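Here is a short report on how the chains of one model meet. Have the sequence and the 3D view open as you read.

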Amino acid sequence: MSPDPTGLDFWIDLFSAVFMVVGAVMSLGAAIGLLRFPDLLSRMHAATKPQVLGLFLLLAAIGLQMRTWWVWPVLVVAWIFQLLTVPVSAHMVGRAGYRTKHLHRELLTADELEAVVQKAAAKTAREDSSGDGQLH
Amino acid sequence: MMQTVLVLTAVIFSLAAAGAIIRIARGPSLLDRVLAADVLLAILGGALCVDMAVNRHLNNLMLVVAISIIGFIGSVTVARFVADRREQPDES
Amino acid sequence: MSRRRISLRQELPLLVWLVIVWGALWQDFSPGNLLFGTLLAVAVARLFYLPPVELSGRFNILYAVPFALVFLAKVVVASAQVLYLAVMRGPQVKNAVVAVTLRSHQDLLVTATGHVISLIPGSLVVEVDRSTSTLYLHALNISSAEDVDNLRAEVRSIEAGLIRIMGTREEVDAVRTEAAA
């Protein structure tokens with residue numbers, strides 16, 4: 001691993017070193033976002049997304065360091081698994097957070113879902129009261 | 001060069017893990033804690049990746065995949081659970 | 001329970017994906033291992049039958065490669081933005097929940113668009129209305145009506161890109177005429 005300033009190895013090492021440090025900084029960014037953002041939904045953004053790029057860079061660093069072709073499909077599969085799972089878990093947590101009102105309304109400039117939710121809630125309430133009024 | 005990178009990333013990952021743990025301890029709601037635990041798992045996976053890249057082995061690659069899937073299943077399960085528990089008083 | 005026969009052509013992407021995962025998990029891409037993986041993939045696809053995803057039957061690789069590159073670039077830029085917001089803005093960040101109506105009504109395209117939007121930092125799908133194929137996004141750092149419009153335009157352009165890759169003929173034509181207009 002001794003750096004030869006002109007060789008290809010040096011450049012590969014340099015690139016993977018940069019990738020690793022930037023990937024680690026992405027994790028740090030997620031943690032800073034977790035601590036500094038005011039409500040659950042903004043924390044979601046900081047928490048899940050930088051990891052996509054972070055893991056991509058770290059896996060690319062592994063691929064550069066291993067120098068064999070067959071690790072690349074393995075790394076790509078690992079990354080695609082993450083691409084498929086991250087939005088799903090983010091959506092589930094975000095939806096639960098929105099429904100349980102874990103957000104600060106005063107920080108929203110627009111909320112186009114609220115009217116829809118209230119309309120739907122009013123509709124179900126009406127149907128309930130017309131269907132079995134004695135329960136309410 | 002690799003040793004410097006190893007030390008540097010170790011410091012960054014430790015700071016990030018500390019931040020996530022603070023949020024787990026403080027987090028006002030259950031969902032905050034789940035989110036922070038997810039981040040902690042991702043940081044763990046990232047640290048394993050750096051170890052693999054620096055020491056040039058692939059022993060932990062499947063562990064990284066498993067960790068991200070555990071985080072996924074965990075947060076989805078908790079999100080469903082939270083949504084169900086909070087919704088029931090409204091529906092009844 | 002009616003089991004609609006699905007053609008091999010429709011099943012092929014799933015089989016190929018399963019074989020790649022098999023090879024990757026063994027970290028062995030020798031022909032023998034891949035052959036065994038293919039047998040397993042066919043057995044899995046037959047035994048654990050899932051409702052087939054309705055593909056449009058076309059996949060344009062010429063649009064897919066630039067789309068993937070643009071996507072990667074957007075992820076890099078947006079990650080940096082979220083990092084900047086987390087460090088500099090922190091608690092004062094302004095958000096919005098925005099409704100975006102999509103053109104397509106196919107499950108696959110709505111899902112793919114939602115995935116791509118969720119993966120690009122700064123926006124997140126909170127709720128989906130499938131009957132009108134409307135996505136409700138929670139977006140970071142939206143402080144004016146102009147930002148809302150920009151976000152909506154960006155989501156629509158991502159959807160247009162996905163339609164060009166794997167939408168049906170009619171949808172592609174609709175996107176073309178819209179782009180020409």
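## A hairpin and two interfaces

In chain C, β2(C) and β3(C) run antiparallel and are joined by 6 bridges. This is a predicted model. One pairing to look for is Val128(C), whose bridge partner in β3(C) is Leu135(C). The two strands, β2(C) and β3(C), make a hairpin with 4 residues between them. Within that turn, Ser133(C) has a positive phi of about 45 degrees.

Next, the contact between chains C and A. Here 38 residues of chain C meet 35 residues of chain A. On the chain C side, the elements that give two or more residues are α1 (8–26), α3 (61–89), β1 (95–101), α4 (107–119), β2 (123–129) and β3 (134–140). Both hairpin strands, β2 and β3 of chain C, are thus in that list. The most comes from α3(C), with 7 residues.

Now chains A and B. Their contact takes 45 residues from chain A and 45 residues from chain B. On the chain A side, α1 (8–36), α2 (40–66) and α3 (71–99) are the elements that give two or more residues. Of these, α1(A) gives the most, with 15 residues.

The table sets out the residue classes on each side.

| Side | Nonpolar | Polar | Charged |
|---|---|---|---|
| Chain C, touching chain A | 25 residues | 11 residues | 2 residues |
| Chain A, touching chain B | 30 residues | 12 residues | 3 residues |

Which element gives the most to the side of chain A that touches chain B? It is α1(A).

How values were computed:
Residues are numbered from 1 along each chain as its sequence is written. Chains are lettered from A and ligands numbered from 1 in the order in which they are written. This is a predicted model: local features need pLDDT of at least 70, side-chain atom pairs count only at pLDDT 80 or more; totals for chains, interfaces and linings use all residues. Two residues are in contact if their C-beta atoms, placed from the backbone, lie within 7 Å. Ala, Val, Leu, Ile, Met, Phe, Trp, Tyr, Cys and Pro count as nonpolar, Asp, Glu, Lys and Arg as charged, and the others, Gly among them, as polar. Two strands pair if DSSP finds at least two bridges between them.
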